[in-house]
Amino acid sequence: MKIVDSWLRDLVALPADATVETVADTLSDVGLACESVERVGATVPGVITARVVKTERHPDAAKVHRVFLDIGDGTEHHVWCGAFNMQPGDVIPWATPGTAMPDGRLIETKPIVGIPSEGMCCSARELGLGDDHSGILILDPNTPLGLPYGDALGLAEETVYDLDVLRNRPDAYGHVGVARDLAARFDVPFSAPSSRVVADGPTRSATVEIVDGDRCPRFTSIVLSGVRVAESPDWMKSRLSAAGMRPINNVVDVSNYVMLETNQPNHAYDFDTLGGEGFRIRVARDGESMVTLDGVERTLTADDLLICDATDRPIGIAGIMGGQNTEISDTTTVVALETAYFEPHGIMKSVQRLGLRSEASARNERGIDPFGVETSIARFVELLGLTCPDLTVHDGFVDARTSSMPSATTITVRSARVGALLGREFSTDEISALITPIGFDCEADGERVLVTVPSWRPDCTLEIDIVEEVARLFGYDALGKTVPKSTVAGGLSPIQQRRRRVRDVLLGLGVSEAMPHPFLADGDLERAGLSTTAVRLVNPLVVGDDVLRTSLRPGLLKALAFNESHRRSGVALFEVGHVYPPSDDVLPAEFEALTVVLAGAEAPRAVAVWRELASAMGWGARLDQSNVPTGLHPTRSATLSAGRDVVGAVGEVHPDVLDAFDVTERVAILELNLSILLAAEPKVAHWKATSRFPSSDIDLAFTVPSSVTAEKVDKALRQSAGSLLVSLELFDVYRTDGDAESRSLAYRLRLQAADRTLTESDIANVRDKCIAAVTKLGATLRA
């Protein structure tokens, strides 16, 4: 974005000592990075205006032709030229012999095919007036001859700041937005353009009909008569040229000037060519076409928004470029001025599809001020009146709005949050004082500030956006630099430490970690006895594996089947990973899970693994067989519950599931929700001295009703044995053929005292208590 220094100083009263370098540094400090400072408009001495008298081709020179020039001194000058865009009567810039060009060339009289060439005809790029090098620069035919071209063009040297304006600062695409920031930083007055338009003519209007209001929330029109198309003032042409725009005529130049100043694109239509004397805003029909101002016929789709006249004839692509059929000409006397607010994303999509970018589209696709229309119209009328003394503003201003108009945004800003993010305390008064000068309305509410965002700042929607504004205006350098204090570099978080501990315990139990493919094939969930409701991938890495896993079980069962097919039985595997079960929300649920599968083992083995994990990690949970997860054996499995939370399941995989995966061995399984277990603060482990005295073992076998779980028997034995119990192991489960009412459970109890050797009486006493406790459950001691 090119910002002209003289233009900027008209809008803000910069201090007398604010040099160009100071302004450039300040712009960078407030977030508008100044990439370079250029001085443009300096003319090349020795280049004067000349009229083309005639051109001739030479039979021995195919790539150049002879140009005969008149500079008003009565002498005909001859130049060889390789550009063919000139016609007799055109006025062009001519570099006389001895001229030093900006690129370092010295123009001398040199012969071509024996005929001397006096000087050089110049293009715009050769004179530093733009990037056009396609032909010789053609000047106005009424330009006086023999004058330095700078005088003829009214060029003045300008200082230009080249700013790297990010997309989140659409207001800084205009000189007013940049001036507002500078005024706030320097604490000097800011001269905003007036928004008052005074109608001084009879009622005359251009009607407006908005068909697609979601794409065009606001569209205004006003009719101006007494227009006389002429040249713009020299100062305006100089500023436009410095900002990178080519001066055309006073109407077009004023339109561009207002856009560059206020960041409000507008378009002036020849009112006499406006069919039906009105506007109609609608989306295009597929295949509809129109010729834009650049002379190119554009084919449109239903995604493009059109500005049509009242007869529904397209006269412009909304927010991007107008059409040739209503452009300003030398005969224009009445103008219909359009200023509108278009939905930015629609403009962006059309720009990308059409490959058509303009100064207007660059602003409309980023979001302009929907309430800045009156200011741009007033400025347009003020500037056009400088060259049109008979300009009349007709009553009948049309302001069409829809329900899609943006509303004001109010953000609550906490002073404590501002201080925490910026590393310095800011009071509510300081916050208000910093951002009020750039248009934010602030109302203190205790330790908070209620900030109403100005309409020209659509980028500010969250508290953090206001924090950024405070930092910009206060100055990033003024905030100072602090090195954040960190904990020990490379340390693990508590959850990471617990996760690593889980892996260590399982590896110590002889269980190997597996990493199956995280995506499942169609049917894997059903084979595992799980719900088939799952998220599917549109572009899977492997064709067919397009199901986002809801459990780790299918992948591990496939791993067991693979090992068994390679004659590796009795494999013990575990996996830690994320699963994505279905939920009522738009996105699936997600949690970290642990699954352990033990081939060739029964449910007690899985319970033993759980107990080792629970002991090592300080976890606690109860077994509940009332709600066994699908896919597990209904009588040999149970859920694990901690309080009201179900944290997993333990038991055996259902035989039907094993058959579906071609696994012939029984498989014990443990499934845990690590997101819950790892987040919980574990019980503090207490050191227990190792006894120096010998231990004694007791084997007890009970016939237990099928309705009594092994967990209940286990609990009864532990409570009865008390502090003398060192370990308890269920080492045998036996069921008589045909007896579905009971089974035999055999336990081994290891007893040991910390302060003595147990006597036979001690052991017998514990044995009697254990038998009595289990008998109360309905069990009987086997002989």
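Which residues do ring pairs link into a cluster with Trp7? Select Trp7, Trp235 and Tyr257: ring pairs join these residues into one cluster. Keep in mind that you are looking at a predicted model.

**Stop 1: the aromatic rings**

Searching the whole structure turns up 6 aromatic pairs. Start with Trp235 and Tyr257. Their ring centres are 5.6 Å apart. The ring planes meet at 90 degrees, so this pair is edge-to-face. Planes over 60 degrees apart count that way.

Now colour the helices that hold these two residues. Trp235 belongs to helix H5, residues 234-242. Tyr257 belongs to helix H6, residues 250-262. The two residues are 22 residues apart, and their pair links distant parts of the chain.

Turn on the surface next. Is Tyr257 buried or exposed? Tyr257 is buried, because its relative accessible area is 1% and the cut-off for buried is under 20%. Trp235 has a relative accessible area of 37%, so this residue counts as partly exposed.

Move on to Trp610 and Trp619. This aromatic pair is stacked. The centres lie 6.3 Å from each other, with 20 degrees between the planes. Both tryptophans, Trp610 and Trp619, are buried.

**Stop 2: charges over rings**

Select Lys54 and Phe68. The charged end of Lys54 sits over the Phe68 ring, 4.8 Å from the ring centre. Then select Arg424 and Phe426. Here Arg424 lies over the face of Phe426, and the distance to the ring centre is 4.6 Å.

**Stop 3: helix H14**

Select residues 494-508, which make up helix H14. How far apart are the end C-alpha atoms of H14? They are 21 Å apart. That agrees with the expected span: at 1.5 Å a residue, the 15 residues should also span 21 Å.

Show the side chains of Arg498, Val502, Val505 and Leu506. These are the buried residues of H14. Look down the helix axis. The buried residues fall within an arc of 95 degrees, so they line one face of H14. Now check the other side of H14, where Arg500 and Gly508 are exposed.

What covers the buried residues of H14? Show strand E30 (572-579) and strand E31 (591-599), which are part of the cover. Add helix H17 (603-617) and helix H19 (674-679), which are also included.

Finish just past the helix. Select Gly510, which follows H14. The phi of Gly510 is positive, near 85 degrees.

How values were computed: Residues numbered from 1 in each chain as written. Predicted model: local features only at pLDDT ≥ 70, side-chain atom pairs only at ≥ 80, totals over all residues. Heavy atoms only, no water. Phe/Tyr/Trp six-rings, centres within 6.5 Å; stacked < 30°, edge-to-face > 60°. Helix = DSSP H or I, 4+ residues; strand = E, 2+ residues; numbered from the N terminus. Buried < 20%, exposed > 50% of the residue type's maximum accessible area, 1.4 Å probe, protein only. Lys NZ or Arg CZ within 6 Å of the ring centre and 35° of its normal. Expected span 1.5 Å × (residues − 1). Arc of directions from axis to C-beta. Contact = heavy atoms within 4.5 Å.
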